[in-house]
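Hello,

Here is the structure I promised to pass on. Please have a look at it first, and then read my notes below.

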Amino acid sequence: MLGQLFSLFKTDQTDQRINAFFSCVPLAYCGFQDGEAPIWSTDFTGLFGLETIRRVEDVQEALTPGDAAALEGYILQLKETGEQFSISCTAEKTGCAILLSGRLGVIDGQKNPYLILWAQDISDQTDAQENLKTELRTAEIQVSLLNTLLNDLPMPVWIRGTDDTLSYCNETYAEWVQSDMQSVLDGNIALPLTRQKDALQFENRGRIIIDGKRKIIDIVEHPSPEHGIKTGFVVDGTEEDHLRTELTRLNRATQELLGNLSPAIAVFAAD
C-alpha cells in the first residue's frame with residue numbers, strides 16, 4: 001500500500017505532494033530512505049522535541065536510553081525481515097508518551113524501500129492508565145488489610161448475596177464449620193443456627209458444639225440493600241452465660257445463707 005502511495009508522486013514536487021497528502025493523516029510521520037529523512041511532519045518533530053531530522057538516529061537519540069535501544073532493534077528487524085512493529089516509548093525532552101509504529105514502503109523499480117515511522121501522542125492514555133494502576137494498587141492494599149483484620153477476629157464473619165449465596169467468610173468461619181475458606185464458598189456451607197432463606201434482619205441465640213466444646217452464641221445478620229449484600233457475624237456468649245450462671249448461683253446461695261441465720265439482718269443500699 002505504501003509502495004503504491006509513493007509511486008503516485010514521481011515528479012520534482014514529490015516532497016511537497018507527499019507532505020500535502022500526509023497532512024490529512026491524523027498521525028505524525030517521518031520517512032527515511034538510505035538512512036536519511038526526506039519527509040517528516042512538524043507534529044513528529046514536536047513530539048520528540050527536535051527541530052529537524054536528518055537520519056533515523058536522530059529519533060533514537062531523542063528517546064530515553066532504554067527506548068532508544070529497543071527502537072534500534074525493531075528497526076533492524078524491520079529492515080531484515082519486513083516485520084512491522086509498534087512500541088510505546090518516551091521522548092526524553094518533551095516527556096511525551098508515544099506509540100511509535102514502523103512500516104516499510106516500497107516504490108516500484110527501487111531497491112531501497114522507505115522506512116516510515118508513525119507516531120501518536122498517548123500521554124493522556126498513559127497518564128490515565130497509571131492513575132488507574134495506582135488506584136488499583138491502593139484498593140488491593142486496602143482489601144488485603146481488611147482481609148487480615150477480619151481473619152484475625154475470633155468470631156465468624158460472612159457476607160451473602162441477595163440469593164443467600166456466600167460471597168465471603170473469614171478464617172474463623174471456616175474453622176467453625178471444619179473446612180477451608182474456598183471450600184466453604186464453593187459449597188455455600190452455612191453455620192448451624194444461621195438465618196432462614198429470604199429473612200431480613202435476623203438474630204438468634206443458640207448452643208452449638210465447636211471443637212468438642214459447647215458454645216452459646218448470638219448470631220446477627222442484617223441486609224445492606226444499597227450494596228445488594230447481607231452481612232453476618234457471631235458473638236461467642238459462652239463466657240458471659242457462664243458468668244451469669246455463676247452470679248445466679250452465688251445470689252441463690254447468699255439468700256439461703258442469710259435466710260438460715262437466726263439474728264435479724266437488714267441490707268441497705270449505698271444511699
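Let me start with A68, which sits in helix α5 (residues 65-81); helices here are DSSP runs of H or I with at least four residues, strands are runs of E with at least two, and both are numbered from the N terminus. A68 is buried, at 15% relative accessible area. The cut-offs are under 20% for buried, over 50% for exposed, and partly exposed in between (1.4 Å probe, protein chains only). From A68 to T90 the C-alpha distance is 9.2 Å, with their positions 22 residues apart in sequence.

Before going on, a word on where this comes from: it is a predicted model, in which local features need pLDDT of at least 70 and side-chain atom pairs count only at pLDDT 80 or more, while totals for chains, interfaces and linings use all residues. Residues are numbered from 1 along each chain as its sequence is written, and side-chain values use heavy atoms, with hydrogens and water left out.

Now to the cysteines. C89 belongs to strand β3 (residues 85-90) and is buried, its relative accessible area being 3%. The C-alpha atom of C89 lies 7.2 Å from that of L63, although the two residues are 26 apart along the chain. C96 is buried as well, at 16%. How many disulfides does the structure hold? The count is 0, taking a disulfide as a pair of cysteine sulfur atoms within 2.5 Å.

Next come the charged side chains. There are 6 salt bridges, where a salt bridge means a side-chain nitrogen of Lys or Arg within 4 Å of a carboxyl oxygen of Asp or Glu. Three of the pairs may interest you:

- D164 and K230 pair with their closest N and O atoms 3.2 Å apart. D164 is in the loop between β6 (157-161) and β7 (166-169) and K230 is in strand β10 (residues 229-236), so this salt bridge ties together parts that are 66 residues apart in sequence. Both partners are buried, D164 at 8% and K230 at 10%.
- K133 and E130 form a salt bridge at 3.8 Å, N to O. Both are in helix α6 (residues 123-152), 3 residues apart, or about one turn of the helix. K133 is partly exposed at 43%, and E130 is partly exposed at 37%.
- E61 and R55 pair with their closest N and O atoms 3.5 Å apart. Here E61 is exposed, at 53%, whereas R55 is partly exposed, at 35%. These two also belong to a network of salt bridges that links R55, E57, D58 and E61.

Finally, which residues gather in a patch of negative charge on the surface? They are D152, E171, E175 and D211. For a charge patch, residues need over 30% relative accessible area and no salt bridge, and like charges are joined within 9 Å. Asp and Glu count as negative, and the place of the charge is CG of Asp or CD of Glu. The accessible areas come from the Shrake-Rupley method with a 1.4 Å probe. Within the patch, D211 is found in the loop between β8 (202-210) and β9 (213-224), and D211 is exposed, at 62% relative accessibility.

Best wishes

Key:
Patch = residues over 30% accessible without salt bridge, like charges linked within 9 Å, V, L, I, M, F, W, Y side chains within 5 Å.
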